[in-house]
Amino acid sequence: MSSYSCHATVTTAVDTVMIPSAYTPVPVSPELFSLSPALSDSAPVAAEPSLRLLDRDHSILAFNERVLDWAYRPEVPLIERLRYLCIVSSNLDEFFEVRTAPHLIANAAGDHKGNYTVESFERLAEVAHALVGRQYALYNDELIPTFAAQGIHIISHGERNPAQRKWVHDYYEREVQPLLIPVGLDPAHPFPQVANKSLNFIVRLSGKDAFGRENPIAIVKVPRVLPRLIRMPAKVSGGKTLFVALSSIVRAHLSSMFPGREVGEFSQFRVTRHSDLAVDEEDVKNLRTALRQGLQHRHYGQAVRLEVSASCAESLASFLLAQFNLPPQALYRVRGPVNLARLTQLIDLLEEPQLRFPPYQASYPVMLTPGQSFFERLQQGDALIHQPFESFDGVLAFLREAVQDPQVLAIKQTIYRTGTDSELMDLLREAVRRGKEVTVVVELKARFDEEANINWAEMLESIGAQVVYGVVGLKTHAKMLLVTRREGKQMRRYGHLSTGNYNPRTAKLYTDISHLTADPLLTADMEAVFVHMASQSRLPKLHRMWMAPFDLHRNMIARVDALAAAAAAGEPARIVAKMNALTDEALIAALVNAGQKGVKIDLIVRGACTLPARVPGLTDNIRVRSVIGRFLEHSRVFYFRRGEDESLYLSSADWMNRNMLRRIELAWPVTDPALRQRLIDECLVAYLHDGRDAWDLGADGAYRRVDLQPGADGAVVRTVEAHGAQTALMVRYASRGRSRAASRE
């Protein structure tokens, strides 16, 4: 593979992940993996009048196509294939909840100009329908038969024997029927409020009701408290692993819900609603109270998508579309359960380890020594933790020592997504109990984590912690933990900065970098940021950090522009940037300009990317690739080199307008040469040489897996048995863990 070297030479002092690149990726023909980001209707990027950006929403769907590819791979364990299918379904739910309402509104208004139009809605619906169709084709044609071959079945009513039907009936009578209240529609019983993403049935009835009236339509709302899959006991399963779907149980008992009436046509259905909370922070007295009230209404926002069974009668589908004020393109007929994401329950219920990824045990951070004081260790120099290859337990151990150390006087921390059950929050509570000054900046507006964060904020406030909610109008997305400790006659600060959240669960699933430091300038910057967020006083000039929304955006653009000027003057210049999304037009314009001036640019962008790469005469020097693996790529690493002068920044921010201008974000330099080289090797070089899990963005806007090509018969075949970056890192850290364990014996 021809790729630009991330560094002129790889130092021998640092163990490197240099994955062999003795292959040339052959592009797959567009029709094989055809979900391409459409061209945006927005104005051309300023750097080049003839270069149009890719469409962000289509790019998000393209990312989900790449995730779905893992569910198609036969070498992936079966349960994990189902997991990837569920991930895509969950991602699509959020996509519809957050991204589609403007398109829908423009379609209803008949708009044909601007970023959101009738045409943009129709194009988006067409691509989304195709993706959903591929999901259900995979589910029905590959996954279900493969599970059946393993003796695992989700059996329908028609497949159940008499003993199984009796068991299902008894379960219905005991667990389900007491919670159901079917509603027959008439003027006194209007169409009920249907919650976002809830399971429901629509039923057409013949005959007359108890009052002699004809009300042919009824709605059955299925409570969320009921499990969507139930495992049958061994006494009726015949030695197999059998499950029954809740929707199948309800369907089998529809007739019993309407005695004296005949059930005709029916269908399960689910409506997705716009769920982005909108709170005018300038006009509320208590943000926490306002958000809690808003959460009560989230489940009943504007309808944006309707899912029904593939066999749903046209008359019932049209009736539902009219009720939810949706156009025909918003109707999704599916061959299976209307909520594939709930099949995660099947993943949880199955016990077959051979159908899962082999368990991965993260090593204890190699730059830390179990039992050694973090304060002593950080006085010797900074330390990095590369999660999830190294354990997040190192971060928890740092906080635990700070809580237990009587010389620690104050702990300050930001909280964005920490989950509902967190040891970290328990440690903060213990710190308050021990009399330490605890300040927590809780971001209440973390999308879909609002309720958990509100609950944590109320708990911490109730025991005496100082809780602040950041800055009005800005989300606090920065991740930092600052400890102030008395050492002799002076105070000394110790800090933790991260590209990811303080969430022990996702720390096992996301790739992120934790940076532990006692650097006086960096920790002084952290202190200044905490004081700024709490007091809203003017932010002083920071020594090393860049902070959004103040100078992070400007400094990133300036760094790119400086390399462009250097390249124009004949100096070698290099940019390698790893992030989750790239959609900010000003940064894209700077990158395009730099590439045209001769800067060699590699962008490792996991998700949405609106920069068209490798367009002849425009972005020839810019390569974009996306790596989708077992773990979710989440670290943000930005490398700049001019001649022999290099710098590397870690950051909490993606290169998106919202991160740069509407959030509290941080970027900070890694100045230690050995640590910097480690990040270059593990986070950049390894991914540029990934030959298995990487997708390269072509000039036509389509992503292609680097290890695939069309075979002689037109089928997609793998060109070479290559390695993936994540797999290489797992092997590296597993061997380091074994070496450390052996040395202790």
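**Group meeting: surface, cores and a pocket**

Good morning. The protein exposes about 30,400 Å², and carbon and sulfur atoms supply 52% of that area. Please bear in mind that this is a predicted model.

I shall begin with the overall composition. The secondary structure comes to 21 helices and 29 strands. Of the 745 residues in the protein, buried residues make up 58%. As for contacts with a separation of 6 or more, residues 24 or more positions apart account for 74% of them.

Let us turn to the interior. The largest nonpolar core has 141 residues, and those with the most contacts inside it are Phe-269, Phe-324, Leu-582, Leu-591, Leu-603 and Trp-655. Helix 4, residues 118-149, gives the most to this core, with 11 residues. Apart from this core lies another, of 49 residues, among them Val-471, Phe-530, Phe-631 and Val-670.

What is Phe-324 in contact with, leaving aside its neighbours within four places in sequence? Its partners are Phe-191, Val-194, Phe-269, Val-271, Arg-273, Ala-303 and Leu-306.

I come now to the second largest pocket, which has a volume of about 970 Å³. Its lining consists of 42 residues, and the closest to its centre are Ile-154, Ala-245, Ser-247, Gly-336 and Pro-337. By character, the lining divides into 20 nonpolar, 14 polar and eight charged residues.

Which element gives the most to the lining of this second largest pocket? That is helix 4, with five residues. Strand 1 (152-154), strand 6 (241-245), helix 7 (246-252) and strand 7 (262-273) each supply at least two residues of this lining. Helix 4 thus appears in both accounts: it gives the most to the largest nonpolar core and the most to the lining of the second largest pocket.

Thank you.

Definitions and conventions
Residues are numbered from 1 along each chain as its sequence is written. This is a predicted model: local features need pLDDT of at least 70, side-chain atom pairs count only at pLDDT 80 or more; totals for chains, interfaces and linings use all residues. Side-chain values use heavy atoms; hydrogens and water are left out. A nonpolar core is a set of buried Ala, Val, Leu, Ile, Met, Phe, Trp, Tyr and Cys residues joined through side-chain atoms within 4.5 Å. Buried means under 20% relative accessible area, exposed over 50%, partly exposed in between (1.4 Å probe, protein chains only). Helices (H or I, at least four residues) and strands (E, at least two) are DSSP runs, numbered from the N terminus. Contact means heavy atoms within 4.5 Å. On a 1 Å grid over the protein atoms alone, a cavity is a set of points where a 1.4 Å probe fits but cannot get out, and a pocket is an open set with protein on both sides within 12 Å along at least five of seven lines; lining residues have an atom within 4 Å of a point. Grid points are joined across faces, edges and corners, and a volume is the space filled by probe spheres set on the points. Ala, Val, Leu, Ile, Met, Phe, Trp, Tyr, Cys and Pro count as nonpolar, Asp, Glu, Lys and Arg as charged, and the others, Gly among them, as polar. Accessible areas come from the Shrake-Rupley method with a 1.4 Å probe; for residues, only the protein chains shown count as cover.
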